[in-house]
Amino acid sequence: MAGAYDFKAVEKKWRERWNARDLFRVGEDSAKTKRYILEMFPYPSGDLHMGHVRNYTIGDVVARFNTARGFNVLHPIGYDAFGMPAENAAIARGVHPADWTNKNIKTMHEQLKLLGISYDWGREMITAEPEYYRWNQWIFLKFYERGLVYRKEASVNWCPACETVLANEQVEAGVCWRCGSDVEKRQLEQWFFKITDYAERLLNDLDLLEGWPERVRTMQRNWIGRSEGAYVDFAIAGTTEKIKVFTTRADTLFGATFFLLAPEHPLVDELVAGTGREAEVAAFREEVSKETEIDRTSVEIEKKGVFTGRYVVNPVNGEELPIWLADYVLMEYGTGAVMAVPAHDQRDFEFARRYGIPIEVVIQPEGEEFKAEEMAEAYVGDGRMVNSGRFDGLWKDEGARAVTGWLKERGEGDFAITYRLRDWLISRQRYWGTPIPMLYCEHCGVVPVPEDELPVVLPKNVKITQMGGSPLKQVSDFVNTSCPKCGGRARRETDTMDTFVDSSWYYLRFTNPKNDRQVFNSEKVSYWSPVDQYIGGIEHAILHLLYSRFFTKVFYDMGLVKVVEPFTNLLTQGMVIKDGAKMSKSKGNIVDPMDIINRYGADTARLFILFASPPEKELEWSDRGVEGSFRFLNRVWRLVEENATAIRRPEREMGDADNALLRLAHQTVKKVGEDIDSFGLNTSISAIMELVNGMRDYNEARGDQANPAVVKEVTERLILLLAPFAPFISEELWETVGNKESVYHVSWPSYDPEIAKAPEITLVVQVNGKVRDRISVPADISEENMRETALASETVRRYTDGKKIVKVFTVPGRLVNVVVR
RNA sequence: GCCGAAGUGGCGGAAUGGGUAUACGCGCUGGUCUCAAAAACCAGUGGGGGCGACCCCAUGCCGGUUCAAAUCCGGCCUUCGGCACCA
């Protein structure tokens, strides 16, 4: 295709050829080493945005590069197609969520093809199709069999805007992760996955994930929040009944002056009955229940509570402690009950001061003596135990162990570990999700749907309103069924699954997406898993990545997979921003990828996005920068056209300029390969640009005298290096220089270290650490020669004459530093 | 408040097992071509000084270690993320 760079024609031509040949299809091949490259699949919200383009382009470079290097590369794509936006669209515009979703998928599929991403299109999956979500249901049943699914009534997070419950991970700083509404608390009976059973393994195995950013590992570690401490039993005064608390500070047990229960604690009614404080306590509980998560967990808000009229007995000294309810005690953590030690816990301190409860110091640091009445805040540091009977004198940590051990002997406590991680609430009171495969039989109670009756198909004829409650409840055909056990009347569960369930295992399904007999084929999943390189946004640092790790571990225990971690290496890409802010409709700073593709082509869009910033960092959008990338591709185009002519000229002997260009080409091959491996995609492109600059200088200097063999070799190398970044133009140019085969199947070029080696280096000469001269010397110069050359330099002499040379430092092949006095 | 990351030209960014600071690109200035413009190409471009070969200063700020610091250490400042009553 001679003439100007017509990106539209070029990209269309190769897109059609790739499609026709199904170029990117892969299968298992035991003769090759596999590489599984995966980008987080998109939610089909409409059009591809710049963040998607960045994500998929980065992945595509890695995939194409690894293919060129001879690996068998799995690089699939699918659509995370269940979710709220589809339902919102249905409510707003009366479209069926399925139709809305499918239309969006179609658009995004086309756009991904326009971008030229090398996906194995035969593996495309849509999680909203029964062929996929039936396996969600199957997994749910298997988890149920293993005791990892349970149903319980609990105080749960409720998003009033989404009209559904949320998992703990999905509440960010008290607001809904998706819509930003203040989350409320509700008492509801819901389905949970018992992720806490895996807390210890999820925590420990973070150490295996050396290919993950430390930041993400830390976030997960904090989220799991392991605490070592003790359970201690407190008897309710005047009864034999006991309440268990969890504490990490058993050393302060002698300093407990009151006792706290969460307002939701189930024992409250029973305790308060007959104390005459019923009304006051009930009013307090009512007040707390109305608070949003934000109010309740804000540190600034003053702690409040109410006395129950009852007491517990401190097991270490028999003292009676008043039982209060306090809003800062959470039912979901530990046991929902706390011993309060105001001298050594800031929250208890504030509470005690507010309600006039005594404060007693039981830990004293060396060289200081705290007096309860003088303290302005709790003392939480180290020190020795005081006022603690036989334990006096022990340091904080040994004291905690000693007290716990002593309680354990007496049967009043034990060592314990708790986690901040809560079980994963997966029920959603929404329509557009996977139906939970459970039945409620009038006689048998809760009954799982038998495996051979899957899938429980999501009915299409549903009225979706914003009225709240599961829309499926209204579909009597769906709800009313018979019990598989007794044949009697039963009704189906009408809640659907959290859509994070869908994305917790899709990467394994890609190894065998069309399998209608098994969730995955064991050979295929063994061949491809784990994912070698996973790429996506940091916003999933906890949510999706933690859930996926949990699923993989359960699958491992089930014998379904042989790996304990799903993603060996993780790259968290940075956001695309414009004018310093995240692109968003409300700010009006959105750049539509399709505009860029229409104006400059996909290759330019890809190149700019990769060149403007390293993948993990934010990318500041720049229209000028895009033009620069487009100019570069035009330069490459003209250069290759020019060289295609030069290649046909008669042979000639190698000269210095030829060797120099060849050297540059080999150096560039080395650098580009190394940089892609370490995700220095911006620097690999700059290296390619330098090669192009070198080639241009060569052509200008040599004119008709150019060496055809050198030109051919260097031009071909250039095209091969460019191919992962700008695949369309590379295909075309590859053809221009006379090749028939698709560049996709051509091996990555090798480099010869001998050719890449420079015959001369620049010797930097410093005097007292300041650069004074730069001298070109042979690369293999000895240290002795370096020293001599440096001292002989005229510039250097000006600084050394009349001075005493104290010492001369040499760095082989680089630098000499002369120290004078 | 706690944890983490990052501060380099006018801008995006290079260079960290200490050793040529500012690669590559954008922008800007001048030039070639043109009736003119665009495109393309060529040259220049951290700041300051000198007629000059050159010199001084500069990687958020202040100190330190070293022959040598963007890079290591200590202390600040700023920005951005995450967590946020977890007993």
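So, to start: how do H20 and H21 run relative to each other, roughly parallel or roughly antiparallel? Keep that in mind while I set the scene. What we have up here is a predicted model, so everything I say is computed from that.

First, the overall picture. Chain A has 821 residues, and 56% of them are buried. There are 26 helices and 34 strands in the chain. If you put a box around the C-alpha atoms along the principal axes, you get roughly 110 × 85 × 50 Å. And the contacts reach a long way along the sequence: taking those between residues at least 6 apart, 72% join residues at least 24 apart.

Okay, back to the helix pair. H20 covers residues 656-677 and H21 covers 681-702, and their axes come within 8 Å, crossing at roughly 170°. Anything over 145 degrees counts as roughly antiparallel, and therefore that is what we call H20 and H21. What do they touch each other with? On the H20 side, the contact residues include Leu661, Leu664, Ala665, Val672 and Ile676. Coming from H21, you have among others Ala687, Ile688, Leu691, Met695 and Tyr698. There are polar and charged residues in there too, including Asp658, Thr668, Lys671 and Asp675 from H20, and Ser684, Glu690 and Arg702 from H21. Sorted by class, that contact has 12 nonpolar, four polar and five charged residues.

Next up, H23. This is a helix of 10 residues, 727-736, and eight of them are buried, so the rest of the structure largely encloses it. The buried ones are Pro727, Phe728, Ile729, Ser730, Glu731, Glu732, Leu733 and Trp734. Notice that Glu731 and Glu732 are both on that list. What's doing the covering? Among the elements over those buried residues are H1 (7-21), H2, H4 (97-115), H18 (602-611), H19 (623-646) and H22 (708-722). So the cover includes helices from early in the numbering, such as H1 and H2, along with later ones like H22. After H23 comes Gly738, with a positive phi near 100°.

H2 is worth a stop of its own. Asn55 sits in that helix. Is Asn55 buried or exposed? At 6% relative accessibility, it counts as buried. Setting aside neighbours within four places in sequence, Asn55 contacts Glu39, Met40, Ile535, Gly536 and Gln573.

H2 also turns up when we look for empty space. The count is three cavities of 30 Å³ or more. The largest holds about 120 Å³. Its lining takes three residues from H2 (50-68), which is the largest share. Looking at the whole wall, you have Arg64, Phe65 and Ala68, then Leu720, Ala723 and Pro724, and then Val743, Tyr744, Val746, Ser747 and Trp748. That breaks down as nine nonpolar, one polar and one charged.

The second largest cavity is about 50 Å³. Around it are Tyr36, Tyr507, Leu508, Thr511, Ser529, Pro530, Val531, Thr552, Val563 and Pro566. Here the classes are seven nonpolar, three polar and no charged residues.

Two of those lining residues, Ser529 and Pro530, bring me to the backbone. The peptide bond from Ser529 to Pro530 is cis, with omega near 0°. Pro530 is in the loop that links H15 (522-528) to strand S26 (531-537). Another cis bond runs from Leu454 to Pro455, again with omega near 0°. Pro455 belongs to the loop between S22 (445-448) and H13 (476-479).

Last thing: positive phi values in residues that aren't glycine. Glu163 has one, about 55°. Where is Glu163? In the loop from strand S5 (149-159) to strand S6 (164-166). Glu163 counts as buried, since its relative accessibility is 18% and the cut-off is under 20%. Then there's Asn768, whose phi is near 50°. Asn768 is also in a loop, this one between S31 (760-767) and S32 (770-778). At 43% relative accessibility, Asn768 counts as partly exposed.

That's my tour. Happy to go back to any of these on the screen.

How values were computed. Residues are numbered from 1 along each chain as its sequence is written. Chains are lettered from A and ligands numbered from 1 in the order in which they are written. This is a predicted model: local features need pLDDT of at least 70, side-chain atom pairs count only at pLDDT 80 or more; totals for chains, interfaces and linings use all residues. Side-chain values use heavy atoms; hydrogens and water are left out. Axes are lines fitted to C-alpha atoms, for helices over the stretch in contact, and angles run from 0 to 180 degrees between N-to-C directions. Helices (H or I, at least four residues) and strands (E, at least two) are DSSP runs, numbered from the N terminus. Angles under 35 degrees count as roughly parallel, over 145 as roughly antiparallel, 65 to 115 as roughly perpendicular and the rest as oblique. Contact means heavy atoms within 4.5 Å. Ala, Val, Leu, Ile, Met, Phe, Trp, Tyr, Cys and Pro count as nonpolar, Asp, Glu, Lys and Arg as charged, and the others, Gly among them, as polar. On a 1 Å grid over the protein atoms alone, a cavity is a set of points where a 1.4 Å probe fits but cannot get out, and a pocket is an open set with protein on both sides within 12 Å along at least five of seven lines; lining residues have an atom within 4 Å of a point. Grid points are joined across faces, edges and corners, and a volume is the space filled by probe spheres set on the points. Buried means under 20% relative accessible area, exposed over 50%, partly exposed in between (1.4 Å probe, protein chains only).
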